[in-house]
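Good morning, and thank you for joining this meeting. I would ask you to look at the structure on the screen while I describe its fold, its surface and its main pocket.

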Amino acid sequence: ARAALVEVTRDAEQAGLQKGDHLIRIQEMPLQSFGELKREIQKAGEASHSLFIEWKRAGQKMHAHITPSGQEKRDVILRKKTQYTIGIIPQLEVAE
């Protein structure tokens, strides 16, 4: 799977990502699912580390390190939790 970006804001935009880019790697590993992307973003945010992201735009590979930003939310049983994001909304596609 790969993720085509349908919205880019904040940190991702500053790192050079644009709407329509295709995420292909995260933390040096091929991106397999949206769940994996979310887990790696959360893990990096909790550890206060940057995240290595690689993407394709018009056939050209690009990459950057992005530090996730946190926002406090409540989980399904109303516990406070910090959710980390990098400012993207992906649309998953099946890779050929």
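Let me begin with the fold. The protein chain contains two helices and eight strands. Please keep in mind that this is a predicted model. Following the sequence from its start, one meets these elements in the pattern β-α-β-β-α-β-β-β-β-β.

How much of the protein chain is buried? Of its 96 residues, 32% fall into the buried class. I turn next to contacts. Among those in the protein chain with a separation of 6 or more, 53% join residues that lie 24 or more positions apart. As for the surface, the accessible area of the protein chain is about 6300 Å². Carbon and sulfur atoms contribute 48% of that accessible surface.

I now come to the largest pocket, whose volume is about 410 Å³. Its lining consists of 22 residues, and those closest to the pocket centre are Phe34, Lys38, Gln83, Tyr84 and Thr85. Which elements give two or more residues to this lining? They are helix H2, covering 34-46, together with strand S6 at 69-74, strand S7 at 80-85 and strand S8 at 88-93. H2 supplies the largest share of the lining, with six residues.

Finally, the chemical character of the lining of the largest pocket deserves a word. Eight of the lining residues are nonpolar, six are polar and eight are charged.

To close, I would leave you with two points: the protein chain has two helices and eight strands, and H2 gives the largest share of the lining of the largest pocket. Thank you for your attention.

Conventions: Residues are numbered from 1 along each chain as its sequence is written. This is a predicted model: local features need pLDDT of at least 70, side-chain atom pairs count only at pLDDT 80 or more; totals for chains, interfaces and linings use all residues. Side-chain values use heavy atoms; hydrogens and water are left out. Helices (H or I, at least four residues) and strands (E, at least two) are DSSP runs, numbered from the N terminus. Buried means under 20% relative accessible area, exposed over 50%, partly exposed in between (1.4 Å probe, protein chains only). Contact means heavy atoms within 4.5 Å. Accessible areas come from the Shrake-Rupley method with a 1.4 Å probe; for residues, only the protein chains shown count as cover. On a 1 Å grid over the protein atoms alone, a cavity is a set of points where a 1.4 Å probe fits but cannot get out, and a pocket is an open set with protein on both sides within 12 Å along at least five of seven lines; lining residues have an atom within 4 Å of a point. Grid points are joined across faces, edges and corners, and a volume is the space filled by probe spheres set on the points. Ala, Val, Leu, Ile, Met, Phe, Trp, Tyr, Cys and Pro count as nonpolar, Asp, Glu, Lys and Arg as charged, and the others, Gly among them, as polar.
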